Amino acid sequence: MDTDQLRALLTDVATGEVDTDTALARLAAGPLGDGAGFVDLGYARVDTHRGVRTGDPEVVFAAGKTAAETLGIVAALREASTGDGRPTLITRANRETVDALVARWPDADVTGRWSPDLAADPRPSGDAGRLATVAVGALPPARGRVVVVCAGTSDAPVADEAALTIAASGAGVEVLRDVGVAGLHRLLAVRDVLAAADCLVVVAGMEGALPSVIGGLVGVPLVAVPTSVGYGAAFGGLAALLGMLTACAPGIAVCNIDNGFGAGLFAARVARAAARARPESAPAPAPSPGAGLRATAAGSAGYR
């Protein structure tokens with residue numbers, strides 16, 4: 001968005017030349033209501049106005065796009081976001097796209113096995129595991145706190161997508177790994193961490209039972225993400241999806257299979273709203289010792 005035009009509009013509001021409701025309507029329709037708010041690259045019309053409308057960063061779904069197309073879209077977004085402090089998020093990026101993004105923006109955050117810390121990871125994985133999420137630009141200050149709960153190590157790519165989405169959307173995030181229902185003692189050991197969060201993202205494959213268990217342990221808003229991890233009868237995540245949709249525990253919302261991005265954005269909005277609603281004197285929920293995005297303590301870890 002053109003910051004000079006936005007500044008002019010705000011000045012008109014301040015001087016009384018434009019009333020607040022008129023200015024709000026013009027901003028919601030597009031910058032100054034003139035039909036702008038996007039950049040036409042020929043192969044994509046890049047929305048440069050989403051942050052003003054929703055408060056969330058613009059996201060590029062890289063699957064199906066060439067590395068050059070993704071790079072062009074991100075460059076247009078970065079140019080448009082100059083000075084507003086918002087990162088640009090890229091999901092489902094393959095190795096070629098990740099390499100191109102990091103070459104252009106060396107400080108970009110990258111999830112999973114292609115981050116610099118895990119570049120040599122040889123583990124096989126499904127479609128979600130072969131793709132990465134990238135954030136270009138500085139992550140914003142955190143408001144509120146989300147805990148991402150990852151059932152098994154194989155579910156990590158989806159959990160990492162959710163975690164980076166949350167951070168890029170302006171909420172604090174902690175990731176708890178490998179606390180699935182096959183060993184409930186691991187989950188009970190972090191119950192206090194779950195209860196202190198503003199929102200939970202619970203990622204699980206196989207039969208997808210983990211969200212129902214956690215939903216019965218704590219009263220925190222919870223969004224469940226089924227993954228495509230599992231043997232034949234798991235049907236690529238369908239079994240987990242149906243299990244989560246039919247969970248007996250109340251208070252659970254469910255996202256699509258492997259949709260860590262959708263869950264992360266939902267949770268970040270909940271956490272930001274919770275932070276706004278808290279009295280200024282009330283402290284924000286604190287992460288557990290040693291945990292966080294870059295933690296190395298057992299059971300909690302994150303991305304570069």
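## Helix 5 and its salt bridge

Arginine 95 counts as partly exposed, at 40% relative accessibility. In this report buried means under 20% relative accessible area, exposed means over 50%, and partly exposed lies in between, computed with a 1.4 Å probe on protein chains only. The structure is a predicted model, in which local features need pLDDT of at least 70 and side-chain atom pairs count only at pLDDT 80 or more, while totals for chains, interfaces and linings use all residues. Residues are numbered from 1 along each chain as its sequence is written, and side-chain values use heavy atoms, with hydrogens and water left out.

Arginine 95 forms a salt bridge with aspartate 99, and their closest N and O atoms are 3.1 Å apart. A salt bridge is here a side-chain nitrogen of Lys or Arg within 4 Å of a carboxyl oxygen of Asp or Glu. Aspartate 99 is also partly exposed, at 41% relative accessibility. Both residues belong to helix 5 (residues 95-104), where they are four residues apart, about one turn of the helix. An α-helix has 3.6 residues a turn, so residues three or four places apart point the same way.

## The chain as a whole

The chain holds eleven helices and eleven strands. These elements are DSSP runs numbered from the N terminus, helices being H or I runs of at least four residues and strands E runs of at least two. Of the 304 residues, 45% count as buried.

Among contacts between residues at least 6 apart in sequence, 69% join residues at least 24 apart; a contact means heavy atoms within 4.5 Å.

## The five-stranded sheet

One open sheet has five strands in the order 8-7-9-10-11, with parallel pairing. Two strands are taken to pair if DSSP finds at least two bridges between them. Strand 8 (172-177) and strand 11 (252-254) stand at the edges with a single partner strand each, so one side of each is left without a neighbour in the sheet. From one strand to the next, the twist averages 20 degrees. Strand 9 (residues 199-204) and strand 10 (residues 222-226) run parallel and are joined by five bridges. Valine 202 stands opposite alanine 224 in strand 10.

Two helices can be placed against these strands. Helix 10 (residues 238-245) lies across strand 9, strand 10 and strand 11, and runs at about 155 degrees to strand 10. Helix 11 (residues 260-277) packs on the sheet, touching strand 7 (145-150), strand 9 and strand 10, and its direction makes about 175 degrees with that of strand 10. For these angles, axes are lines fitted to C-alpha atoms, for helices over the stretch in contact, and angles run from 0 to 180 degrees between N-to-C directions. Helix 11 has 18 residues, and among its buried residues are Gly260, Leu265 and Arg272.

## The four-stranded sheet

A second arrangement is an open sheet of four strands in the order 3-4-6-5, with mixed pairing. Its edge strands are strand 3 (59-61) and strand 5 (109-110), each of which pairs on one side only. Strand 5 runs antiparallel to strand 6 (residues 132-136), and two bridges join them. Aspartate 109 stands opposite alanine 135 in strand 6. Helix 5 packs on this sheet, touching strand 4, strand 5 and strand 6, and its direction makes about 155 degrees with that of strand 4.

## Helix 6

Helix 6 (residues 156-168) has 13 residues and reaches 18 Å from its first C-alpha to its last, close to the 18 Å expected at 1.5 Å a residue. The expected span is 1.5 Å times one less than the number of residues. Twelve of the 13 residues are buried, so helix 6 is largely enclosed by the rest of the structure. The buried residues include Val158, Asp160, Leu164 and Ile166. Just after helix 6, glycine 170 takes a positive phi of about 90 degrees.

Glutamate 161 of this helix is buried, at 6% relative accessibility. The side chain of glutamate 161 meets that of arginine 92 in a salt bridge (3.7 Å, N to O). Arginine 92 lies in strand 4 (residues 88-93) and glutamate 161 in helix 6, so the pair ties together parts that are 69 residues apart in sequence.

## Other salt bridges and cysteines

Six salt bridges are found in the whole structure. One of them joins the side chains of aspartate 178 and arginine 186 (3.2 Å, N to O). Aspartate 178 is partly exposed, with a relative accessible area of 34%, and arginine 186 is partly exposed at 28%.

The count of disulfides is zero, a disulfide being a pair of cysteine sulfur atoms within 2.5 Å. Cysteine 150 is buried, with a relative accessible area of 1%, and cysteine 199 is buried at 0%.
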